[in-house]
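Student: I have a model open and would like to learn how to read it. Where do I begin?

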Amino acid sequence: MLNSIRPYITKDEPFGPIDSIDIESNDVKAIQYLFEKHNWIYKNLRNRPSIIMGRRGAGKTHYLRSVFFEKHYDYYVEIRTPRILSHITQVVQQMTDDAVFTESVAELWEMILWISVFGELRKQTVFSWQELNVIDTYLESVGVEEDADVDGVLWNLATTLNSKTKTNPSILISEILHGTNGVTFEDAKQTVLNNLEKTDKKFVILMDSLEDFQLEFESVARALKGLLKLVGSMNKPRDRVDIRFCLPSEVYPRFVKISSNPNKDFKRALKLQWSATELTLIGANRLTLYLSIFYEDFIRKIFPLDVTKRADALKLFHAV
C-alpha cells in the first residue's frame, strides 16, 4: 500500500494531492488507498446517484473516480476534457436553434453519449464478430475512427457533424446520428444492451469539469437543459448504462433555473457535505499514511490506534 501512495504523500503535501485529478487514472491502487469509505456519503453511492454535487474541493472528482475500484460497474468511460465537451455543446446548440422541446435536445445528448459507450466497449473485445460488425458499421457512418479514445470519439463525431451541417444546412443532426450505412443508432444501442444483459455487466459514463460552461448564454442553457433531462432519466433500477455527472454547488441555483423539471432532473443527486467528525477521520487517515512513510519510529510508539474512530483520531492529532 505504501509503495502505491508514496508518489502522492510527500512532505510538501502530507495529506496527499489537493486535486485528485493529479493522481493518474490508471493508478487504481493509489486512488483506492487514498479514498475514505467510513462515511455516510460513500454508503449512499450504492443508490447509484446520477448527479454528484459539492463545492470546489469537496471531493467530487474522487467520488466520480471511485468506480475504478468499486465492483458495481464492469466498464466505464471518463469524459473530463472541457474542450471536447464544449465542442459537443456547440454542436448541440446548432441542433436546438429551432427546437422548442427539451425532450428533443435530451435525445440528441443521449445519442452523443451512447456513441462514446460504443467506442469504449468495442475496445474491450466483449462482442461477437456479428455484434462488432453492427457497432463498427454504425460508428463508421458517423465518422468515428477505429482506434480513437473517448476524446477522439467525441472529437471525430463533432467534426463530422460540423462538416455535414455546413455542407447541407438543412440536414438535421439527428438524421446524421441516426446512421447512414444500413445500421441505425437504435440497432447499435440494442446490440450493446443485449450484450450487457446476456453477460450481466454494467457500464457507467463519468462526466466531470462542468464548471467552465458559460451559463449566461441562452444557447448554452438550452443545450444543458436537455443534458439535465437526460441525466435525470438515467440510473433506473434495471438500467445497464448509468451516468455520474459532477456539478459544483456554487452554480447549482443556476442549474435549477435552467432545468425544465428540477424535481425529476435532480431526484438522484448526492450532495457532498462533510461533517466536522468526518473531516477529522479523513485527516487522521491521511496523517497515518504520512507518518508511516516518513516517521515510522514515531508511529510505532503511539499505535495501535483505530483512526476510523473519532476518539482515536483525536489522540493521533494530539500526539503529533
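The dialogue below goes from the whole chain to a helix, the cores, ring pairs and a pocket.

Tutor: Begin with the status of the coordinates: this is a predicted model.

Student: How many helices and strands are there in the chain?

Tutor: The chain has 16 helices and five strands. Its C-alpha atoms fill a box of roughly 75 × 45 × 35 Å along the principal axes. Of the 320 residues, 52% count as buried. Among contacts between residues at least 6 apart in sequence, 76% join residues at least 24 apart.

Student: How do I check the length of a helix, and what span should H6 have at 1.5 Å a residue?

Tutor: The expected span is 1.5 Å times one less than the number of residues. For the 20 residues of H6 that gives 28 Å, and the end C-alpha atoms are 29 Å apart, which agrees.

Student: Is H6 enclosed or exposed?

Tutor: Buried means under 20% relative accessible area. In H6, 16 of the 20 residues are buried, so the helix is largely enclosed by the rest of the structure.

Student: Take one residue of that helix. Is Leu113 buried or exposed?

Tutor: Leu113 lies in H6, which runs over residues 102-121. Its relative accessibility is 2%, so Leu113 counts as buried.

Student: Which residues does Leu113 touch, leaving out those up to four places away in sequence?

Tutor: Leu113 touches Ile79, Ile205, Met207, Leu227, Leu230 and Ile243. As for distance along the chain, Gln130 is 17 residues from Leu113, and their C-alpha atoms are separated by 23 Å.

Student: Which residues touch the most other members of the largest nonpolar core?

Tutor: A nonpolar core is a set of buried residues of certain types joined through side-chain atoms. Here the largest one has 60 residues, and Ile115, Phe118, Tyr138, Leu177 and Ile205 touch the most other members. H6 gives the most to this core, with twelve residues. There is also a second, separate core of 36 residues, which includes Phe35, Leu272, Leu287 and Ile293.

Student: What is Phe118 in contact with, beyond its neighbours within four places in sequence?

Tutor: Phe118 is in contact with Ile135, Tyr138, Leu139, Phe185, Ala188, Lys189 and Val192.

Student: How do I read a pair of aromatic rings?

Tutor: Such a pair is described by the distance of the centres and the angle of the planes. A search of the whole structure finds twelve aromatic pairs. In one of them, the rings of Tyr252 and Phe266 have their centres 5.3 Å apart and their planes at 85 degrees, so the pair is edge-to-face.

Student: Which parts does the pair of Tyr252 and Phe266 tie together?

Tutor: Tyr252 lies in helix H12, while Phe266 lies in the loop between helix H13 and strand S5, so the pair ties together parts that are 14 residues apart in sequence. Tyr252 is partly exposed, with a relative accessible area of 31%, whereas Phe266, at 10%, counts as buried.

Student: Which residues do ring pairs link into a cluster?

Tutor: The cluster is made of Phe35, Tyr42, Tyr63, Phe69 and Trp274.

Student: Now the largest pocket. Which residues lie nearest its centre?

Tutor: About 840 Å³ of space lies in the largest pocket. Its lining has 30 residues, of which Ile18, Ser20, Gly57, Ala58 and Gly59 lie nearest the centre. Helix H4 (60-64) and helix H14 (276-294) each supply at least two residues of that lining. H14 gives the most to the lining, with five residues.

Note on methods: Residues numbered from 1 in each chain as written. Predicted model: local features only at pLDDT ≥ 70, side-chain atom pairs only at ≥ 80, totals over all residues. Heavy atoms only, no water. Helix = DSSP H or I, 4+ residues; strand = E, 2+ residues; numbered from the N terminus. Buried < 20%, exposed > 50% of the residue type's maximum accessible area, 1.4 Å probe, protein only. Contact = heavy atoms within 4.5 Å. Core = buried A, V, L, I, M, F, W, Y, C linked by side-chain atoms within 4.5 Å. Phe/Tyr/Trp six-rings, centres within 6.5 Å; stacked < 30°, edge-to-face > 60°. 1 Å grid on protein atoms, 1.4 Å probe; cavity = no way out; pocket = protein on both sides within 12 Å on 5 of 7 lines; lining within 4 Å. Points joined across faces, edges and corners; volume = space filled by probe spheres on them.
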